[in-house]
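The following exercises concern the symmetry and the backbone geometry of a structure with two chains. Each task is followed by a solution in steps.

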2 protein chains.
Amino acid sequence: MSQPHAFQHYYPEDSSHCYGCGRLNPKGYHIQSFWDGDKAVCRFKPEPYHTAIPGYVYGGLIAALIDCHSTGTAAASAYRQAKREMGSEPSFRFVTASLHVDYLLPTPLGPELSIEATAVEIKERKVVVESTLFALEPQGPITCARGKVVAVRMPDNWIPDSEGSNEGTKETP
Amino acid sequence: MSQPHAFQHYYPEDSSHCYGCGRLNPKGYHIQSFWDGDKAVCRFKPEPYHTAIPGYVYGGLIAALIDCHSTGTAAASAYRQAKREMGSEPSFRFVTASLHVDYLLPTPLGPELSIEATAVEIKERKVVVESTLFALEPQGPITCARGKVVAVRMPDNWIPDSEGSNEGTKETP
């Protein structure tokens with residue numbers, strides 16, 4: 001099963017508008033995730049204005065990167081476990097039920113960041129993803145944060161129809 | 001102790017560049033937090049491009065709002081407990097050690113959001129803040145997410161000096 005593109009490339013068009021990872025959101029971060037063996041890896045270079053206190057990366061961005069990379073990893077892991085090509089129907093698309101981030105060290109603003117994620121539990125409607133965020137300093141990677149996301153299959157009725165009706169759902173994107 | 005401005009107005013200038021809540025970050029969200037009795041309240045109206053799937057707010061923004069509002073609430077609560085005016089020296093400025101968000105319902109994109117936060121534990125160097133995020137729909141508020149932040153006092157050596165030296169610290173902004 002070859003997979004030359006980022007996980008997010010295979011998301012259905014109607015769920016590709018996410019500010020974090022949607023390829024169709026012109027203002028968003030366009031987070032991209034790829035397999036590297038058994039790990040899913042996302043690289044991202046923050047902008048100079050993504051600052052917390054001067055010199056460090058804003059924690060909300062770190063949370064957002066972990067969030068979107070983890071839901072992408074959940075989808076890709078579900079396809080892998082099912083031995084299906086990513087993007088094949090029916091679509092596996094996951095949303096976040098809970099997000100936890102431990103900030104271990106201040107994340108330096110400047111170097112590229114790398115997030116390595118692994119699905120530690122894969123069930124039909126729920127995938128748990130653990131991740132580590134590194135700052136790729138010239139002298140070597142620094143472990144700056146760890147994340148844990150509980151991702152759940154997106155209910156089919158979440159994409160609004162032409163009348164905008166998608167009420168009565170239980171989880172959030 | 002009158003406090004006519006947002007908590008973030010009283011942050012020292014050198015810690016007011018945060019993308020989430022820094023008044024000196026020209027591109028940031030400019031999150032503002034105020035007391036309403038014993039609760040700290042933050043209101044925020046997402047932009048149309050802060051989308052997850054169409055019609056809903058991007059979860060990374062929700063995490064960012066909870067994060068910055070909670071560290072602001074931690075600082076304000078520490079000043080209140082010390083019976084000191086916010087902004088008086090020595091400054092109480094908190095950073096996030098851990099962030100947890102439970103996404104209970106999809107957050108509709110359109111209405112203003114309100115986050116109500118309470119410090120449930122206040123120690124000298126650590127404040128725990130719990131919060132609830134509501135979407136202020138015309139028919140009444142909808143509870144969409146809950147947050148829990150462990151905030152820690154920012155070490156004095158975190159603000160880079162003129163040579164950019166602030167190594168050896170243990171937590172992250």
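Helices (H or I, at least four residues) and strands (E, at least two) are taken as DSSP runs and numbered from the N terminus. The structure is a predicted model.

**Exercise 1. Determine which operation superposes chain A on chain B, and which residue of chain A comes closest to its axis.**

Solution. Step 1: in general, two copies of a chain are related by a rotation about an axis and a shift along it. Step 2: here the rotation is 180°, the shift along the axis is 0.0 Å, and the RMSD of the superposition is 0.0 Å. Step 3: the two copies are therefore related as by a two-fold rotation axis. Step 4: within chain A, His100(A) comes closest to this axis, its C-alpha lying at 2.2 Å. Step 5: 100% of the interface residues of chain A are also interface residues in chain B, so the copies meet through the same surface.

**Exercise 2. Locate the cis peptide bond that ends at Pro90 in each chain.**

Solution. Step 1: most peptide bonds are trans. Step 2: in chain A, Glu89(A) and Pro90(A) are joined by a cis bond with omega of about 0°. Step 3: Pro90(A) belongs to the loop between α1 (59–81) and β3 (94–103) of chain A. Step 4: in chain B, the bond from Glu89(B) to Pro90(B) is cis, with omega near 0°. Step 5: Pro90(B) is placed in the loop between α1 (59–81) and β3 (94–103) of chain B.

**Exercise 3. Classify Lys83(A) and His30(B) as buried, partly exposed or exposed, and describe their phi angles.**

Solution. Step 1: most residues other than glycine have a negative phi. Step 2: Lys83(A), although not a glycine, has a positive phi of about 55°, and its place is in the loop between α1 and β3 of chain A. Step 3: an exposed residue has 12 or fewer other C-beta atoms within 10 Å. Lys83(A) has 7, so it is exposed. Step 4: His30(B) also has a positive phi of about 55°, and lies in the segment before β1 (33–36) of chain B. Step 5: with 18 C-beta neighbours inside 10 Å, His30(B) is partly exposed.

**Exercise 4. Describe the surroundings of Pro111(B).**

Solution. Step 1: Pro111(B) sits in the loop between β3 and β4 (113–122) of chain B. Step 2: 17 other C-beta atoms lie within 10 Å, so Pro111(B) is partly exposed. Step 3: leaving aside residues up to four places away in sequence, Pro111(B) touches Ala135(B), Leu136(B) and Glu137(B). Step 4: Pro54(B) is 57 residues apart from Pro111(B) along the chain, and their C-alpha atoms are separated by 14 Å.

Conventions: Residues numbered from 1 in each chain as written. Chains lettered and ligands numbered in written order. Predicted model: local features only at pLDDT ≥ 70, side-chain atom pairs only at ≥ 80, totals over all residues. Least-squares fit on C-alpha atoms with pLDDT ≥ 70 in both. Contact = placed C-beta atoms within 7 Å. Buried ≥ 20, exposed ≤ 12 C-beta atoms within 10 Å, placed from the backbone.
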